[in-house]
Amino acid sequence: MRYAAPMLLAALVAAPASAAPPKGFDARVERLMRGSGTPGMAVAIVEDGKVTLARGYGVRRQGAAERVDADTAFLIGSTAKAMTAAAIATLVDVGKLGWDDRVVDHLPGFQMYDAWVTREMTVRDLLVHRSGLGLGAGDLLYVPRGSYSRAEIVRRLRYIAPATSFRSGYAYDNILYTVAGQLIEAVSGQRREEYVRANVLQPSGMAGATGELATFWAMPNRALPHARFGGVVRGTGEMRVLDERDQLPQAAAPAGLIAASATDMARWLRVQLSGGVGADGTRVFSDAAGREMWTPVTPIPITPLPEPVAATTPTYDAYALGWEVRDYRGERIVWHAGGLFGMTSVVVLIPSRHVGFAIELNSEEAAPRHGLMWELIDHYLGFERQDWPARFTQYRAQRIAAAEAAVRAKGATPAHVGPSLPLARYAGRYVDRWYGPIEVGGDTAGLTVRFVPTPRMAGRLEHYQYDTFVARFDDPAIEPAYLTFALDAAGKTARVTAGPVSPIADFSFDYADLLFEPEPAR
């Protein structure tokens with residue numbers, strides 16, 4: 001009898017969830033949307049194999065009348081990485097691929113910066129963020145809306161120098177998921193989007209989902225992206241509707257371009273929680289593949305979060321195959337967040353409780369996404385409700401205030417020195433090996449800059465101090481950047497480096513890996 005209490009506790013922890021969505025949930029969502037200024041969102045919840053909620057809230061576009069419903073499509077960002085992993089799992093299931101196969105054995109043209117890493121990189125390595133590349137390395141090849149093809153992006157990967165040694169640590173990247181997309185095509189003989197549709201989306205019952213941007217844009221029932229502009233740092237100021245062209249190009253699809261509704265996401269949650277079986281009994285991937293995709297591979301360093309969100313700091317955290325796996329108050333959470341320009345999402349699985357949910361937004365606000373996420377987690381684990389949306393609102397405000405103060409401090413105290421050269425002598429064409437060229441020009445108002453491979457990434461250069469200028473892009477969705485010109489002994493521009501103005505800029509805009517040099521005369 002002395003073991004009866006622990007055994008009972010274990011049984012309770014492993015018990016299926018019995019709670020329906022929280023009482024007054026719809027009203028709660030509506031209040032969060034009003035309080036945060038979120039135009040629209042959708043939520044899907046699956047409990048014990050049953051869809052207990054698939055619903056839309058708010059409007060598809062700010063200022064318009066069309067409502068979000070259960071079938072309104074949202075772009076789900078990097079939560080779609082799990083679908084790329086699932087597509088590879090289907091190839092593993094039929095014996096065409098192995099998780100630990102070397103990439104070069106299936107994709108001979110694949111090449112990393114280091115020859116040994118090229119030879120040793122496995123299929124698993126493509127999916128778990130341990131390649132040695134820096135955080136977000138190579139994102140500017142397609143963010144925002146770059147013009148390179150998927151094959152060209154993969155070719156240029158060989159010029160990106162690593163930040164650490166191979167498999168020595170965690171650094172999130174998107175570019176190796178692009179390689180995974182090319183691998184799917186090489187092994188299956190089908191275009192990656194077609195293969196995912198036929199072997200993941202359709203068998204899962206996700207009839208309204210698509211991996212094609214053109215198809216998404218043609219949908220009458222789709223959400224439009226929104227973000228805040230006009231403040232000192234991006235993400236503050238007035239809420240605006242974004243141009244859909246601000247989304248990633250089709251080439252980036254393996255890393256996070258799937259459009260899906262709450263109805264679609266409910267079916268995806270059922271597949272995940274059932275070990276790979278769709279609602280109609282169709283097996284999408286094997287139970288063994290499902291376990292493999294949830295198995296932690298790369299430890300993620302843990303940085304304690306501050307109050308008021310400190311309680312969400314995990315004691316372990318790791319990346320699996322398209323999923324992040326962490327703990328919360330003794331429970332395993334399998335989850336992933338997603339974010340594109342003006343659209344954000346989160347997908348959460350609580351395997352021991354047979355519960356999963358997805359939240360999709362057509363904005364970038366924290367309270368309805370992360371706040372609601374933690375409220376639902378607490379609810380399904382049976383913990384006392386806390387006002388997580390208020391906590392995340394406060395946390396976000398703290399980060400923004402610190403960033404605004406840092407930007408203002410920099411802007412208020414530049415050295416009144418420079419530039420060293422007449423402006424016309426900074427003009428020219430400069431080339432980075434992996435990204436490509438930028439063009440610095442000028443007119444009567446001063447210097448201009450254009451990032452050639454990225455249409456619409458152009459703007460003016462404002463002198464900051466010494467030989468550093470601030471690139472303020474015409475498109476407000478693009479983070480301003482410092483461009484620093486270095487001079488050689490003859491007083492000519494020898495190279496240009498870059499960095500973000502905002503300390504909380506998205507890692508896709510950290511500009512860290514860029515080193516531009518004057519293009520040789522032809």
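**Exercise 1. The pair formed by aspartate 443**

Task: In this predicted model, classify aspartate 443 by its accessibility, and identify the residue with which aspartate 443 forms a salt bridge.

Solution.
1. Aspartate 443 has a relative accessible area of 43% and is therefore partly exposed, since that class lies between the limits of 20% and 50%.
2. The partner of aspartate 443 is arginine 460, and their closest N and O atoms are 2.5 Å apart.
3. Aspartate 443 belongs to strand β14 (residues 436-443) and arginine 460 to strand β16 (residues 458-465), so the salt bridge ties together parts that are 17 residues apart in sequence.
4. Arginine 460 has a relative accessibility of 29% and so counts as partly exposed.

**Exercise 2. Two salt bridges of helix α14**

Task: Determine which parts of the chain are tied together by the pair of arginine 28 and glutamate 375, and by the pair of arginine 329 and aspartate 378.

Solution.
1. The side chains of arginine 28 and glutamate 375 form a salt bridge with an N to O distance of 2.5 Å.
2. Because arginine 28 is in helix α2 (residues 25-36) and glutamate 375 in helix α14 (residues 367-381), this pair ties together parts that are 347 residues apart in sequence.
3. Arginine 28 counts as buried at 11% relative accessibility; glutamate 375 is buried, with a relative accessible area of 11%.
4. In the second pair, arginine 329 and aspartate 378 meet through their side chains at 3.9 Å, N to O, which falls within the 4 Å cut-off for a salt bridge.
5. Arginine 329 lies in the loop between β9 (324-328) and β10 (331-340), whereas aspartate 378 lies in helix α14, so parts 49 residues apart in sequence are tied together.
6. Arginine 329 is partly exposed, with a relative accessible area of 46%, while aspartate 378 is buried, at 1%.

**Exercise 3. Salt bridges in total and in a network**

Task: State how many salt bridges are counted, and which residues are linked in a network.

Solution.
1. The count comes to 28 salt bridges.
2. A network of salt bridges links Arg150, Glu185, Arg191, Glu193 and Glu212.

**Exercise 4. The surroundings of threonine 344**

Task: Decide whether threonine 344 is buried or exposed, and describe its polar and other contacts.

Solution.
1. Threonine 344 is located in strand β11 (residues 343-350).
2. With 5% relative accessibility, threonine 344 counts as buried, because the limit for that class is under 20%.
3. A polar atom of the threonine 344 side chain lies 2.8 Å from the backbone oxygen of serine 363.
4. Beyond its neighbours within four places in sequence, threonine 344 is in contact with residues including Gly338, Ile359, Leu361, Ser363 and Arg369.

How values were computed:
Residues are numbered from 1 along each chain as its sequence is written. This is a predicted model: local features need pLDDT of at least 70, side-chain atom pairs count only at pLDDT 80 or more; totals for chains, interfaces and linings use all residues. Side-chain values use heavy atoms; hydrogens and water are left out. Helices (H or I, at least four residues) and strands (E, at least two) are DSSP runs, numbered from the N terminus. Buried means under 20% relative accessible area, exposed over 50%, partly exposed in between (1.4 Å probe, protein chains only). A polar contact is a pair of N or O atoms within 3.5 Å; within protein, one must be able to donate a hydrogen and the other to accept it, and residues adjacent in sequence count only if both atoms are side-chain atoms. Contact means heavy atoms within 4.5 Å.
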